[in-house]
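Welcome! Here are some exercises to work through with the structure in view, and a worked solution follows each one.

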Amino acid sequence: MVGQATRMAAQPRKFDVVIFGATGFTGSLACEHLARRLVSDEKLSPSKFAIAARSSEKVESLKQRLSQEVSPCFSSVASLVGDASDEDFLKDMCSSTSCVISYVGPYLKYGLPLARACVEHECDYCDITGEATFQLELLKLHDEAKRKGVKLVTSCGYDSVPFDLASLQLVRNLRKRAGPSGGGTVCVQACTGPSKGGVSGGTIDSAGSFVGVSLDNRCLDPLSGEADGVGPSPRPFSSRQYHPPSGTFLAPSVMEPVNAKVVYRTRGLLPDLFGDFVFQQFTSTKTRLGAWALTAAMGVIEALLGSASVRNFLIARGVLPKPGEGPSKELRDTGYMNEYVYGDLGGLSAVVHVKGRGGDPGYKLTSAMSLQTALCLAAGEGAGSGGGVLTPASCLGEALAEKLEACGVTFELHEDVSSVQVFGASSSIDAAGAGVQTEKAKANVV
């Protein structure tokens, strides 16, 4: 906390937030989101933001487009040109801003030099990575970042904000209801319901960093394996099994290895609150046959994405998108998500329904959630968490969940689990309905 206090008292930085990788697929969506926020939030000044990328031509083209399509004020956002291999550029960028948000992947290849520069020059950092191999390397910076009060917050998009924040809400609710004698294990199952979205070439390019990589889901948890009551626990549910709380049949989720690692790190960083805890993630289906079919499909997808030669072959043939390519504008605009995160503690239960409206979860909503995370960090929120390699929930908690409502992402906690239907009317939504939001959300979602 001494480091945090020193940073808060230091000379204000020139920029609040720098968007690094601004001209990439998701980075450009974040810039568009920022442009709309500059219009809707009078507290934000364009001169306090900068966008950074390798190509001066692409940076200026992006600024010109957003100045014309969204607001002329975006022309006042600063331009920075450089890349992750240029130490002098990273030094200048990190020493001039409060927070850098990075959209440059694969992170294992490009993220570490930036993260090191952020720690060295005492600048907060956040990203949208799903690469556990990168996060393990990032942990080597934890002690120095903690000492300096620098916050390195990873997985700030669809992976893993909905699951991380929902798990935090469930644990708080269940532990409070259980009272002083309410020990035991909190068991959480995240179930993906009706959703619509696509995939980008950047994600495909990064797939080799996490698909098929054999790392324990607790590898980022600082308490993993300690003999203090928070060691490995049994997994209550398995794929192709009926799940009574949701009334659905479970199929695997290709993203469980990504999200579980982040949620378990939150558990390890907040041990007094979480205690013994089990997290699982699945995809909900209506029938047992559907669960079997989706299980088989997931196996094929993992086999394809886990092979670099197969990925490259499919990219060359146009079957998979190239880096810089992604879902069409129509798909981005009509996408949505429904995540149902169930929790149980000694007979007490609850569910958090995470709704995402007005955009596909992997890109449009990811750009909104991650930029909001950066804005919170730049504003000094999460100061109580100190520094180190953190998660969205352990750093910003429910304060972030509240602010995400303006981005079209809401968290609804229900103690009556039976009142929530995964395939009910509340989650059914067509392309036209996907864009129906509050006036505030309309102004802020990219």
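Accessible areas here come from the Shrake-Rupley method with a 1.4 Å probe. Keep in mind that this is a predicted model.

**Exercise 1. Get an overview of the chain.**
How many helices and strands are in the protein chain, and what is its accessible surface?

*Solution.*
Step 1: Start with the elements: the protein chain has 18 helices and 14 strands.
Step 2: Turn to the surface, which comes to about 18,000 Å². Carbon and sulfur atoms account for 52% of that surface.
Step 3: Look at burial: 55% of the 446 residues count as buried.
Step 4: Finish with contacts. Among those between residues at least 6 apart in sequence, 80% join residues at least 24 apart.

**Exercise 2. Lay out the open sheet.**
What is the order of the strands in the open sheet of seven strands, and which strands stand at the edges?

*Solution.*
Step 1: Read across the sheet to get the order β8-β9-β10-β7-β11-β12-β14, with mixed pairing.
Step 2: Check the two ends. β8 (242-243) and β14 (409-414) each have a single partner strand, so one side of each lacks a neighbour in the sheet.
Step 3: Add the helix that packs on this sheet. Helix α12 (residues 288-305) touches β9 (248-252) and β10 (277-285). The direction of α12 makes about 10° with that of β9.

**Exercise 3. Follow strand β7 and its partners.**
Which way do the residues of β7 point, and are they buried or exposed?

*Solution.*
Step 1: Recall a general rule: in a regular strand, side chains alternate between the two faces of the sheet.
Step 2: Sort the residues of β7. Val186, Val188, Ala190 and Thr192 point one way, while Cys187, Gln189 and Cys191 point the other way.
Step 3: Judge the cover. Strand β7 (residues 186-192) has seven of its seven residues buried.
Step 4: Find the partner on one side: β7 and β10 run parallel and are joined by seven bridges. Here Val188 stands opposite Phe279 of β10.
Step 5: Find the other partner: β7 pairs with β11 in the antiparallel sense over six bridges. In this pair, Cys191 stands opposite Tyr340 of β11.

**Exercise 4. Move on to β11 and place Leu345.**
Where is Leu345 found, and why does it count as buried?

*Solution.*
Step 1: Locate Leu345 in strand β11 (residues 337-345).
Step 2: Compare its relative accessibility with the cut-off: buried means under 20%. Leu345 counts as buried because its value is 4%.
Step 3: List its contacts beyond four places in sequence; among them are Leu174, Arg175, Ala178 and Val186.
Step 4: Compare sequence with space. Leu345 and Phe277 are 68 residues apart in sequence, with their C-alpha atoms 9.6 Å apart.
Step 5: See what lies beside β11. It is joined by nine bridges to strand β12 (residues 348-356), and the two run antiparallel. Within this pair, Val341 has Val352 of β12 as its bridge partner.

**Exercise 5. Describe two packings of helix α2.**
At what angle do α2 and α15 cross, and at what angle do α2 and α3 pack?

*Solution.*
Step 1: Take α2 (residues 25-40) and α15 (residues 364-378): their axes come within 8 Å and cross at roughly 60°. This crossing is right-handed.
Step 2: Name some of the residues involved, including Leu29 and His33 of α2 and Leu371 and Leu375 of α15. By class, the contact has six nonpolar, five polar and two charged residues.
Step 3: Take α2 with helix α3 (residues 56-69): the angle is about 40° and the axes are 10 Å apart. The crossing of α2 and α3 is right-handed.
Step 4: Name the residues of this contact: Ser28, Cys31 and Glu32 of α2, with Leu62, Arg65 and Leu66 of α3. They divide into three nonpolar, one polar and two charged.

**Exercise 6. Inspect the backbone in the loops.**
Which peptide bond that ends at Pro106 is cis, and what is phi of Ser155?

*Solution.*
Step 1: The bond from Gly105 to Pro106 is cis, with omega near 0°. Pro106 lies in the loop between β4 (97-102) and α5 (107-120).
Step 2: The bond from Asp159 to Ser160 is also cis, with omega near 15°.
Step 3: Phi of Ser155 is near 60°, a positive value in a residue other than glycine. Ser155 sits in the loop between β6 and α8, and it counts as buried at 0% relative accessibility.

Key:
Residues numbered from 1 in each chain as written. Predicted model: local features only at pLDDT ≥ 70, side-chain atom pairs only at ≥ 80, totals over all residues. Heavy atoms only, no water. Helix = DSSP H or I, 4+ residues; strand = E, 2+ residues; numbered from the N terminus. Buried < 20%, exposed > 50% of the residue type's maximum accessible area, 1.4 Å probe, protein only. Contact = heavy atoms within 4.5 Å. Axes fitted to C-alpha atoms, helices over the stretch in contact; angles between N-to-C directions. Left-handed = near helix turned anticlockwise from the far one by under 90°. Nonpolar A, V, L, I, M, F, W, Y, C, P; charged D, E, K, R; others polar. Pairing = 2+ DSSP bridges.
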